[in-house]
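Visitor: I should like to look closely at a single part of this structure. Please take one helix and describe its surroundings in a connected way.

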Amino acid sequence: MSGEPEVHEEFEARLKAYEGRPAAATGVGRDPVNEPMIRHWCEAMGDTSPAYTGPDAVAPPTMLQAWTMAGLTRRPERTAAYDELLTLLDESGHDAVVATDCEQEYLRPLRPGDEITFDSVIESVSGRKTTKLGAGYFITTRTDVRAGGEPAGTHRFRILKYAPAHRSSKPGERRPRPVVNRDNAGFWEGVARHALLIQRCTACATLRFPWLPGCTGCGSPDWDTVEASGEGTLYSYVVMHHPPFPAFEPPYAVGLIELAEGVRIVSNVVGVPYDKVRIGMPVRLEFRRYDDELVLPVFQGVAP
């Protein structure tokens, strides 16, 4: 046991040596900034700001990363250094990965027609961290984005490369508890009595979900609630296969549900085999008790 810290220090020194090395060099956006992608983004996000339409339209700032993404193919501009870092972690048993967070800085608006170029650097590699998923290392890359050769923004993206804890689901394992705070406590109080409550602005009547302290339409802090009918449609979904989590049995479907009232909620799709889940499928709200303390809203799917 006395040798473990030195082994970790030696390994972490090898990881740290990659800090400052390029992760992507002279990248070029697959498409210039364009109206169709802006429209699809706004539709998916439910953003109706007039700033994103018309002859003077700009792209939503949070689309910054979208213009640099390579799709499902391997990035041609990705460097050998970044591949080496990931291989080093894979070969040491840290072969699972999960995105954890990102930070963005906006320097100028992006407009349709802007040609995007970018460079990425491995900004930092953390020391060994222990998480519920397993022990591993956080890798942060910084991407500097340019439009027409001028700085347009910075995107920091952080992943965790970790060795899975490999704990299987057991009947007695508890699901994670939801984070309840002063902004969403009313929602969870409603769930406890089998009511799915949606916030409604009392100034402009805009419905909003998830719960927020103020209206995204007019900014008013005043609100009341309406109870969802429980009817909805599957707007999008993913099927979770890996990594395994205690109290979950993969594969299972996680859906983005568009409620009849017009707002969307993320929840499990149940009652239908995961490979029969389809976008556009009608779903119906139900409440499931997972233990003595936890009740969650889920959605029963109807197979076509």
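Guide: The account below starts from helix α4 and moves outward to the strands and rings around it.

This is a predicted model, in which local features need pLDDT of at least 70 and side-chain atom pairs count only at pLDDT 80 or more, while totals for chains, interfaces and linings use all residues. Residues are numbered from 1 along each chain as its sequence is written, and side-chain values use heavy atoms, with hydrogens and water left out.

The setting comes before the helix. The chain has 304 residues, of which 37% count as buried; buried means under 20% relative accessible area, exposed over 50%, and partly exposed in between, with a 1.4 Å probe and protein chains only. Its secondary structure comes to 4 helices and 14 strands. Both kinds of element are DSSP runs numbered from the N terminus: helices are H or I with at least four residues, and strands are E with at least two. Along the principal axes, the C-alpha atoms fill a box of roughly 60 × 55 × 40 Å.

Helix α4 spans residues 185-192, and its buried residues are G186, F187, G190 and V191. Seen down the axis of α4, these buried residues fall within an arc of 145 degrees, so they line one face of the helix; the arc is that of the directions from the helix axis to the C-beta atoms. On the other side of α4, E189 and A192 are exposed. H194 follows the helix, and its phi is positive, near 65 degrees.

The cover over the buried residues of α4 includes β7 (197-201), β13 (282-289) and β14 (295-301), where contact means heavy atoms within 4.5 Å. The helix lies across β13 and β14, and runs at about 70 degrees to β14. For such angles, axes are lines fitted to C-alpha atoms, for helices over the stretch in contact, and the values run from 0 to 180 degrees between N-to-C directions.

Two of these covering strands, β13 and β14, belong to a barrel that 5 strands close in the order β10-β11-β12-β14-β13, with mixed pairing. The twist averages 50 degrees from one strand to the next. Two strands pair if DSSP finds at least two bridges between them. Strand β10 (residues 231-240) pairs with β13 in the antiparallel sense over 3 bridges, and the partner of G232 in β13 is V283. On to β11, strand β10 again pairs in the antiparallel sense, over 8 bridges; here L234 has I257 as its bridge partner. Strand β11 (residues 252-259) is in turn joined to β12 (residues 264-270) by 6 bridges, and the two run antiparallel. In that pairing E258 stands opposite R264. The charged end of R264 also sits over the ring of Y235, 3.7 Å from its centre. That description requires NZ of Lys or CZ of Arg within 6 Å of the ring centre and within 35 degrees of the ring normal.

The covering strand β7 lies in another sheet, an open one of 3 strands in the order β8-β7-β9 with antiparallel pairing. Its edge strands are β8 (207-208) and β9 (223-227), each pairing on one side only. Strands β7 and β9 are joined by 5 bridges and run antiparallel, with R200 opposite D224 in β9.

The aromatic rings return the account to the helix. Rings of Phe, Tyr and Trp (its six-membered ring) pair if their centres lie within 6.5 Å; planes under 30 degrees apart count as stacked, over 60 as edge-to-face and the rest as tilted. By this rule the count comes to 6 aromatic pairs. One of them is F187 with W188, an edge-to-face pair at 5.0 Å centre to centre with 75 degrees between the planes. F187 counts as buried because its relative accessibility is 6%, whereas W188, at 22%, counts as partly exposed. Ring pairs link both residues with F209, W211 and W223 into a cluster.

A further pair is formed by F248 and Y252, whose ring centres are 5.6 Å apart and whose planes are at 25 degrees, so the pair is stacked. Both F248 and Y252 are buried. A second arginine, R175, lies over the face of Y290, at 4.1 Å from the ring centre.
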